[in-house]
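Here are my notes on the model, point by point. Please keep the structure open while reading.

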Amino acid sequence: MHDDPIFSHEGLQLREWTEADVPALSALFDEPEMARWTPLASPFDEAAARAYLIRARERRAAGQALQLAITTDGHTPMGEVLLFAAADDGSQVELAYGIGAPYRGRGLASRAVRLLLPYAFRNASVHRAVLRIAPDNAASAAVARATGFQLTDEPPVVRESDGRVVRLRTWELRRGDSY
């Protein structure tokens, strides 16, 4: 995740977050559905947005994660798509996404996931991409289905954030599957 990928297809442009995005980042992520489905701070004010941006840059520099703004014009952020290692041996990557309330229902998340998948599988050792989704998150499950992910029978992944425990189901897409 050290090279500088350029992602543009299906009417989307994925790009790195910039300092100028802090107000938009706060506006996108400071709302009830983001607080419900993501581990983001709530409230997500501009201070939280700046801290998030700093952490994203640190993770990118360390080769741990790629966090990209989802845009249709290369400028206005409408959401985010993330890619990070999901297994210590490099065999799996995890994707995640969040779309701001004014932009939902436009297929942005599924298009962003499809756009990022070839990059996710570029390393020959990666054989599986996963999504971790709360069982009652119907919108996110729809994105998983639309992008070719299949629900597994793996035990739920338990994650804690800000004292809140969530049990997430694993959806997978294997190298060679259609998306």
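1. Start with helix 1, residues 22–29. Its buried residues are Val22, Leu25, Ser26, Leu28 and Phe29. These residues lie on the same side of helix 1, because they cover an arc of only 165° around the axis. Bear in mind that this is a predicted model.

2. What do the buried residues of helix 1 pack against? Their partners are two helices and a strand: helix 2 (32–37), helix 3 (46–61) and strand 4 (79–85).

3. Now the overall layout. The protein chain holds 5 helices and 9 strands. Along the sequence, their order reads β-β-α-α-α-β-β-β-α-β-α-β-β-β.

4. Size comes next. The protein chain has a radius of gyration of 15 Å, which agrees with the value near 16 Å for a compact globule of 179 residues. Along the principal axes, the C-alpha atoms fill a box of roughly 40 × 35 × 30 Å.

5. On burial and contacts: of the 179 residues in the protein chain, 47% are buried. Take the contacts with a separation of 6 or more. Of these, 65% join residues 24 or more positions apart.

6. The surface deserves a look too. About 9000 Å² of the protein chain is exposed, and carbon and sulfur atoms supply 52% of that area.

7. Last, the charges. The protein chain carries 21 positive and 24 negative charges. How far apart are the mean positions of the two sets? They are 4 Å apart.

Terms used: Residues numbered from 1 in each chain as written. Predicted model: local features only at pLDDT ≥ 70, side-chain atom pairs only at ≥ 80, totals over all residues. Heavy atoms only, no water. Buried < 20%, exposed > 50% of the residue type's maximum accessible area, 1.4 Å probe, protein only. Helix = DSSP H or I, 4+ residues; strand = E, 2+ residues; numbered from the N terminus. Arc of directions from axis to C-beta. Contact = heavy atoms within 4.5 Å. Rg over C-alpha atoms; globule rule 2.2 N^0.38 Å. Areas by Shrake-Rupley, 256 points an atom, 1.4 Å probe, with all protein chains shown as cover. Lys, Arg positive; Asp, Glu negative; His and termini not counted. Charge placed at Lys NZ, Arg CZ, Asp CG, Glu CD.
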